[in-house]
Amino acid sequence: MTIKSYQASSAIPAYSFVKFNDEKSIKAASVATDNIIGVTDSTNTTENDIADVFMPGEIALILAGGTFSAGDALTSDENGYAIKADAGDNIGAVALQDAVSGDIIQAIVTINRTFETSNTNEGGDTTPTTTPNGTSPNSETSIPSGIDN
């Protein structure tokens, strides 16, 4: 089990998404585009206390801030609670159970960042396109030399 301990830079609710405040401390995630690093355990943490964080690959309990279904990708609301992710959101977990706001459910901590890239159309106009992990929606996967496919 991978649980890491960090100093809280502010109060952090139990069962919530967190992000780095700096390299040594964390705080509750507060928007869907935050770079979530994990989910806190069952302890409400006050400023300067140590918070235990479930890291990617771990099954953690998380507090629902909205309605979602098992299998939905989750991100953070303004309180660090889990809500269903939309296109362009950073993902912090995948729900293992259905939930309504206020439920505490199991989720697998899964970090997926979204990066903004741009596409140029035939007219020369550039439009931003948000894609998971910086991949282009039109890109092909290349196979390194020396590997047969």
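Which residues does S16 touch, not counting those up to four places away in sequence? In this predicted model, S16 touches G38, V39, T40, N79, G80 and Y81. The protein chain that holds S16 has 0 helices and 12 strands, and five of these strands close into a barrel in the order β1-β3-β2-β4-β5. The points below treat the chain as a whole, then the barrel and its strand pairs, and lastly the surroundings of S16.

**Overall composition**
- From the N terminus on, the elements run β-β-β-β-β-β-β-β-β-β-β-β, with 12 strands and 0 helices in the protein chain.
- The protein chain comprises 149 residues, of which 38% count as buried.
- Its exposed surface amounts to about 8400 Å², and carbon and sulfur atoms supply 46% of that area.
- Where contacts link residues at least 6 apart in sequence, 48% of them join residues at least 24 apart.

**The barrel**
- The barrel is formed by 5 strands, in the order β1-β3-β2-β4-β5, and its pairing is mixed.
- From one strand to the next, the twist averages 60°.
- Strands of a sheet pair through backbone hydrogen bonds, in either a parallel or an antiparallel sense.

**Strand pairs within the barrel**
- Strand β2 (17-22) pairs with strand β3 (residues 25-28) in the antiparallel sense over 4 bridges.
- F20 has I26 as its bridge partner in β3.
- Strand β1 (3-8) runs antiparallel to strand β5 (residues 50-54), and 5 bridges join the two.
- K4 has V53 as its bridge partner in β5.
- Strand β5 also pairs with strand β4 (residues 36-40), again in the antiparallel sense, over 2 bridges.
- V39 has F54 as its bridge partner in β5.

**The surroundings of S16**
- S16 is located in the loop between β1 (3-8) and β2 (17-22).
- Is S16 buried or exposed? With a relative accessible area of 0%, S16 is buried, because a residue counts as buried when this value is under 20%.
- Among the residues that S16 touches are G38, V39 and T40, and strand β4 covers residues 36-40.
- V39 thus appears in two settings: as a contact of S16 and as the residue whose bridge partner in β5 is F54.
- The other residues that S16 touches, not counting those up to four places away in sequence, are N79, G80 and Y81.

Key:
Residues numbered from 1 in each chain as written. Predicted model: local features only at pLDDT ≥ 70, side-chain atom pairs only at ≥ 80, totals over all residues. Heavy atoms only, no water. Buried < 20%, exposed > 50% of the residue type's maximum accessible area, 1.4 Å probe, protein only. Contact = heavy atoms within 4.5 Å. Areas by Shrake-Rupley, 256 points an atom, 1.4 Å probe, with all protein chains shown as cover. Pairing = 2+ DSSP bridges. Axes fitted to C-alpha atoms, helices over the stretch in contact; angles between N-to-C directions.
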